[in-house]
Each structure stands twice: as C-alpha cells, then as structure tokens.
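Visitor: I am new to this structure, and I would like to understand how each description of it is justified. Could you show it to me and then take my questions one at a time?

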Number of protein chains: 2
Amino acid sequence: MPGRPRPGEFELIRELFAPLAADEPGALGLLDDAALIAPRPGFELVTAIDTIVEGVHFLPADPPFDVARKLMRVNLSDLAAMGARPRAYLLGLVVPDALDFDWLRDFARGLASDQVRFGMTLAGGDTTATTGPPCLSLTAIGEVEPGRALLRSNAAPGEHIYVSGAIGDAALGLRVLRGEDTGLPEDACEAAAVRYRLPEPRLSLGMAVPASAAVDVSDGLVADLGHICVASGLGARIEAARVPLSGPARAALELGTVGIADVLTGGDDYELVFTAPADRGNAVREAAARVRVPVTRIGAMTEGEGVSVVDEAGAAMEIGRAGYAHF
Amino acid sequence: MPGRPRPGEFELIRELFAPLAADEPGALGLLDDAALIAPRPGFELVTAIDTIVEGVHFLPADPPFDVARKLMRVNLSDLAAMGARPRAYLLGLVVPDALDFDWLRDFARGLASDQVRFGMTLAGGDTTATTGPPCLSLTAIGEVEPGRALLRSNAAPGEHIYVSGAIGDAALGLRVLRGEDTGLPEDACEAAAVRYRLPEPRLSLGMAVPASAAVDVSDGLVADLGHICVASGLGARIEAARVPLSGPARAALELGTVGIADVLTGGDDYELVFTAPADRGNAVREAAARVRVPVTRIGAMTEGEGVSVVDEAGAAMEIGRAGYAHF
C-alpha cells in the first residue's frame with residue numbers, strides 16, 4: 001500500500017521539521033536558510049558531521065525511526081569523544097522522489113525522540129532530491145569549556161588507556177544482520193543486532209571523566225586507538241585479556257565463531273576509548289561511577305608508534321586488518 | 001585514460017584536505033572527528049548547510065574545480081543574506097568508489113582557491129561511499145554581531161525593497177546549458193552559463209548594508225521575496241519595470257525568447273533581495289557604493305500577504321509558477 005504522497009519542501013519543513021526547532025530561538029523557525037548559534041558565555045562550540053547512506057550504513061528495510069536515531073547518535077558519539085555537551089544540530093537530507101511521506105514522518109519522529117533524550121534541538125538544514133539512494137547527513141553542535149576538549153592529540157606517554165562499557169556486540173550484530181551464523185541463541189543475536197543498529201553515545205562519561213584524549217569506537221578498538229597514537233605522536237600497548245567483552249562476544253569467542261582479532265578490530269560499538277595520567281586513576285573511576293558507566297583500564301600509552309596488542313604472558317599478538325573502513 | 005586510483009580515506013584527508021585546514025587551529029589538523037569553533041568575543045555564529053547532487057545541481061562533465069566553488073558559493077550566499085562574515089566550513093563528501101583521485105584533487109583545488117578568496121578555512125568533515133551519484137554537502141560557519149543578522153522576519157510594512165546587481169542571467173544560463181535556443185550571440189550565452197555555474201555571493205554587501213531583512217535569490221526573485229513575506233507576516237509589491245535586468249536577459253526579452261515572468265521567477269542568480277526603512281535610502285546607497293555593488297529599489301513591503309508584481313501603469317501582472325524547486 002503506497003503511503004501518503006510527499007508534499008513540497010516548504011510544507012515538509014513546516015509539518016515535520018519546524019516542530020523540532022521550536023525550542024531553539026537561533027533556528028529562526030527554519031524560516032531562514034541559516035541558523036544563529038551563540039555558545040553560552042565561557043564556552044566554545046564543537047561541531048561534527050556524519051553522513052549515512054542507504055545500502056552502506058543502513059538498509060532500505062530499516063525502520064526510519066531507528067535510522068534517524070542512528071544518524072543522531074553516531075554524531076553525538078563524536079561530541080562525547082570531545083567531552084562536549086550537545087546543543088543543536090543541522091540536517092542535510094538528500095532523498096529520492098520516490099521516498100514517501102510516511103518514511104519521512106517516522107524519520108522525524110525518531111529525531112524528535114532522541115533530541116529530547118539527548119538535550120538538543122534542530123537548528124537548520126537543507127532538503128534536496130537525488131536519483132540515488134538516500135544520503136542523510138547531520139552536523140552536531142555541542143559546547144565545551146575552552147581547554148577541556150578531549151583532543152586525540154592530548155595523550156602523553158605512560159598515560160593509562162581505558163574503554164567504557166563492553167566491546168564486541170556491534171561486530172557480532174553486523175554478522176547477525178548479514179545472516180551469518182554466530183552459534184548464539186536468538187536473544188543474544190537480537191541484543192547484538194539492536195546494539196549495532198542503535199548505538200548509545202557516552203555523553204555523560206565524556207563530560208565527566210578527567211581524561212586527556214578520547215576517541216569513540218567506530219572503526220574498531222585498535223584502529224580508533226591508533227588515531228590517538230597518530231595525533232599524539234605515540235604508541236599504545238593494550239592487553240587483550242583486559243578488554244571488557246560483551247556477554248554475546250564472550251560466548252561467541254568460546255564457541256569459536258569469532259576470534260579475538262575480530263572483536264578488537266570490529267567497529268561501531270561507539271564506546272569511548274580514552275587516556276588519563278596514571279595518578280588520576282581514582283578520579284577516573286569516581287567520575288565513571290558518578291555517571292554509572294563502567295570503565296576498564298586496558299593498557300598504557302608508550303613512546304614509539306602504533307598499537308600493540310599483547311596476551312596475558314606479554315607476548316605480541318597478531319591482529320590482522322586495522323579496522324573497518326566505511327569508505 | 002583512467003586517473004590515479006583513489007587512496008584510502010585517511011590518505012585522502014592528509015593529502016587533499018588537511019592543507020585546507022592548516023590555518024584554522026580549531027580544525028585540529030582534521031585528526032579528530034570534530035572541530036572546535038569559538039566565535040570572536042562579541043559575535044555569534046551563523047551556520048548554513050547546502051548539498052549539491054550530481055545530475056540535480058551539477059552535471060557529471062562539469063569541472064570539479066567549479067563544482068567545489070559552486071558548492072562553497074551557494075552556502076556563502078546564505079551567509080551573505082544574514083550579513084555574516086565567513087569563518088570556516090565543514091565538508092560532507094558522499095562519493096562512489098568509481099570517482100577517481102584526479103576528480104577529488106581538482107575538487108580540493110577549487111575549495112582551496114575559493115577559501116582564500118572568501119576568507120574561510122576547512123574545519124572538519126566526513127567522507128563516505130555511496131552506490132548513487134556524488135552528494136556534496138557543505139556547512140558554512142560565519143560570524144555576526146548579535147542583533148545584526150538580516151533575518152527574514154525583520155521586515156516592516158512600508159520598508160523599501162532592493163535587489164543587488166542584475167537578475168536574469170542564471171535562468172538564461174540554465175537554458176543555454178540545457179541546449180535550448182535563446183536567440184542570443186554566443187558570448188552572451190557563455191556569460192550567462194558562467195553565471196549559472198559560478199554564482200558570486202554578495203558577502204561585502206550583506207555585511208555593509210543597513211538592511212532589516214534579506215534573502216538570496218536562489219528559488220527566483222518572486223519566490224525568495226515571498227520567504228521574507230511569510231517570515232515577516234507581510235506582503236510585498238514590486239514594479240516589474242524597476243527590476244534590474246542583466247544585458248543578456250534584456251536582449252532575450254526583446255527577442256521574445258524569454259518572458260518577464262521567466263526572469264522574475266528564475267532561480268540561481270544569488271543576488272541579495274533586502275528591505276530597509278524608507279528613511280534609510282541614502283545609507284543603503286552609500287553602503288552599496290562603498291562595497292561597489294549596484295543596488296536598485298524595486299518596491300515596498302505592504303500589509304497583507306504574498307508578492308504582487310505590477311506593471312508601469314500599476315496594474316497587477318500575472319506571474320505563473322512561484323519559483324524553481326530543487327526538491
């Protein structure tokens with residue numbers, strides 16, 4: 001059954017998107033082609049842009065409500081990795097004429113749900129047509145106190161490396177969604193798939209933790225920690241056995257349907273990996289406890305370059321590909 | 001002859017895009033997934049996003065150098081209409097795997113050329129793959145003093161309406177590029193096509209002119225002035241004979257290959273339409289002269305709603321479609 005035909009751009013904006021901008025005076029009711037954003041006094045703005053493409057980052061059959069939330073959350077995860085508080089966002093929607101109104105309405109509902117949850121409002125955007133698959137881009141705008149941003153270049157030798165939550169579900173979830181056999185019971189498969197589809201940005205942790213450098217796990221733990229290494233001109237050494245694994249990932253490892261290298265290089269968990277001076281361990285744990293996010297120390301920054309992964313005996317392990325490339 | 005194969009995302013960023021971000025400390029060398037932007041003290045930020053899609057806004061054979069400049073300029077035109085000074089931009093590149101390195105290199109060169117010209121730097125971005133046509137999006141960030149932005153909602157009844165430069169070339173240029181006969185000599189066709197391909201954002205005028213409300217002509221003069229009417233809750237009355245027409249547009253009108261309605265509703269001229277109180281006429285003309293941009297008074301804001309176009313006798317003219325919709 002075909003949905004309601006799509007109205008024109010201005011009607012779409014008025015009906016679906018202007019309500020999302022009602023609480024942000026700088027959005028100007030979406031009546032201008034630009035938005036005004038003044039950071040609160042004493043703050044600077046953090047901006048991050050991410051685009052998701054149908055067939056690459058989501059599937060045509062995915063519920064638009066969840067597609068919207070994934071789009072928002074991958075960007076919020078970038079703000080989390082900077083230690084920023086979300087403030088506003090801009091949307092760039094490039095969609096084929098055939099996309100019907102119901103899809104866009106449910107997409108807007110997904111945005112509405114998550115913007116309340118994460119405390120941000122729509123501030124502006126652009127809608128255009130394409131002959132190709134939908135490309136949905138979001139520019140997230142957050143605020144951070146000057147000097148407080150958790151830059152990738154801020155790590156120092158000897159700093160401890162931590163990871164939030166648990167690693168492995170998203171890579172497993174992708175396998176499930178691709179129809180590959182993980183050997184796991186159905187509920188574990190479903191949980192992993194949900195986590196792949198809908199990441200949980202670690203915003204409260206990013207804002208609270210006294211970290212030096214941080215990155216979110218989107219390309220894979222090893223690859224993303226590698227970004228901190230490159231930006232800081234350092235190396236990193238992590239102990240595989242310390243890396244906190246999700247229940248399904250542990251079970252799949254025991255079954256042998258995935259290897260530890262798959263888990264350490266699988267992307268899209270959107271946990272935070274961060275570094276902090278060794279003498280700040282208590283402060284890190286206290287901050288994490290305050291925001292109720294588990295954190296685990298997995299290694300330390302070193303002189304040199306690259307990420308080395310060692311086993312419990314301290315021997316270097318061979319980790320194959322460096323991470324998942326979306327490009 | 002196939003071009004150089006495209007390197008991976010990180011190499012692309014390092015080779016083509018990091019040099020464009022060298023002068024913006026907040027770009028963090030493009031090593032983070034987010035950028036830091038602090039407005040100068042006493043300013044707020046203006047953001048605008050626009051996406052252009054191959055086959056919709058540009059053609060596969062268009063030179064990538066010009067595609068980049070068009071992408072930047074349509075966004076800068078939005079900043080101009082707010083009276084903002086350009087500061088930085090974010091890029092969202094969604095390109096098929098088949099797009100070769102040479103295309104991207106020339107695209108980056110176009111950005112490099114225009115960012116120097118317009119005084120902005122790359123601050124961040126995202127690159128991803130698509131199975132469809134290239135979608136190129138740019139978020140422009142500018143600065144404006146609080147209260148100085150030329151909001152569409154700021155117009156008042158009785159204010160005079162002005163337009164910068166001359167109208168008509170872009171609509172004519174689009175006809176030329178579509179292979180339609182305009183009856184004009186080749187050099188006039190070429191000039192119109194260039195203007196369609198490469199708009200000239202009226203930044204200096206937007207910053208200098210003591211206007212109340214402004215909009216850039218992207219959907220067509222009548223449609224864009226209509227946006228001011230809607231946002232301000234007013235009507236507008238313009239005299240067709242006062243609208244400044246480009247030389248080619250005048251010639252095509254005389255030949256009868258285009259009608260006045262085509263000119264008044266054709267998009268993409270990227271001139272500014274703005275309103276100012278009647279007693280500010282001298283100040284408007286002085287500011288325009290200072291930045292060397294011609295401006296012409298074409299009518300006045302009224303009570304009521306909608307844009308009416310009148311002929312020299314004051315009789316209402318029938319203007320067909322309300323503007324060109326890119327969506």
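**How the two chains meet**

Guide: In this predicted model, chain A and chain B bury about 4,600 Å² between them, and 63% of that area lies on carbon and sulfur atoms. The contact draws 57 residues from chain A and 59 residues from chain B.

Visitor: What makes the relation between chain A and chain B that of a two-fold axis?

Guide: Chain A can be laid on chain B by a turn of 180 degrees with a shift of 0.0 Å along the axis, and the RMSD is then 0.0 Å. That is the relation of a two-fold axis. The same surface serves both copies, since 100% of the contact residues of chain A recur in chain B.

Visitor: Which residue of chain A comes closest to the rotation axis?

Guide: That residue is A:Gly132, whose C-alpha lies at 2.1 Å from the axis.

Visitor: Why is the pair of A:Asp33 and B:Arg152 called a salt bridge?

Guide: The closest N and O atoms of A:Asp33 and B:Arg152 are 3.1 Å apart, and the cut-off is within 4 Å, so the pair meets the rule. Across the interface of chain A and chain B the rule finds two salt bridges, while the count of residue pairs in polar contact between these chains is 15, with both residues at pLDDT 80 or more.

Visitor: Which element gives the most to the side of chain A that touches chain B?

Guide: The strand β2(A) gives the most, with nine residues. The elements that give two or more residues to that side include α1 (9–17), β2 (44–53), α2 (64–82) and α7 (221–232) of chain A.

**Salt bridges within the chains**

Visitor: How do you know that A:Arg109 and A:Asp106 meet in a salt bridge, and where do they lie?

Guide: Their side chains meet at 3.4 Å, N to O, which is within the 4 Å that the rule allows, so the pair counts as a salt bridge. Both residues lie in helix α3 (residues 101–118) of chain A, three residues apart, about one turn of the helix. A:Arg109 has a relative accessible area of 46% and A:Asp106 has 22%; partly exposed means between 20% and 50%, so A:Arg109 is partly exposed and A:Asp106 is partly exposed.

Visitor: What makes B:Glu24 and B:Arg87 a pair that ties together parts of chain B?

Guide: The side chains of B:Glu24 and B:Arg87 meet in a salt bridge at 3.5 Å, N to O. B:Glu24 lies in the loop between α1 (9–17) and β1 (35–37) of chain B, whereas B:Arg87 lies in strand β3 (residues 85–95) of chain B, so the pair ties together parts that are 63 residues apart in sequence.

Visitor: Why does B:Glu24 count as buried?

Guide: Its relative accessibility is 8%, and the cut-off for buried is under 20%, so B:Glu24 falls in that class.

Visitor: How many salt bridges does the structure hold over all chains?

Guide: The structure holds 36 over all chains, and in chain A the residues A:Asp169, A:Arg195, A:Arg202, A:Asp269 and A:Glu271 are linked in a network of salt bridges.

**The nonpolar core**

Visitor: Which residues touch the most other members of the largest nonpolar core?

Guide: Of its 136 residues, A:Phe17, A:Leu136, A:Phe274, B:Phe17, B:Leu136 and B:Phe274 touch the most other members. Leaving aside residues up to four places away in sequence, B:Phe274 touches several residues, among them B:Ile161, B:Leu205, B:Val209 and B:Val284.

Conventions:
Residues numbered from 1 in each chain as written. Chains lettered and ligands numbered in written order. Predicted model: local features only at pLDDT ≥ 70, side-chain atom pairs only at ≥ 80, totals over all residues. Heavy atoms only, no water. Least-squares fit on C-alpha atoms with pLDDT ≥ 70 in both. Contact = heavy atoms within 4.5 Å. Core = buried A, V, L, I, M, F, W, Y, C linked by side-chain atoms within 4.5 Å. Buried < 20%, exposed > 50% of the residue type's maximum accessible area, 1.4 Å probe, protein only. Buried area = accessible area lost by both parts, 1.4 Å probe. Polar contact = N/O pair within 3.5 Å; in protein donor to acceptor, adjacent residues only side chain to side chain. Helix = DSSP H or I, 4+ residues; strand = E, 2+ residues; numbered from the N terminus.
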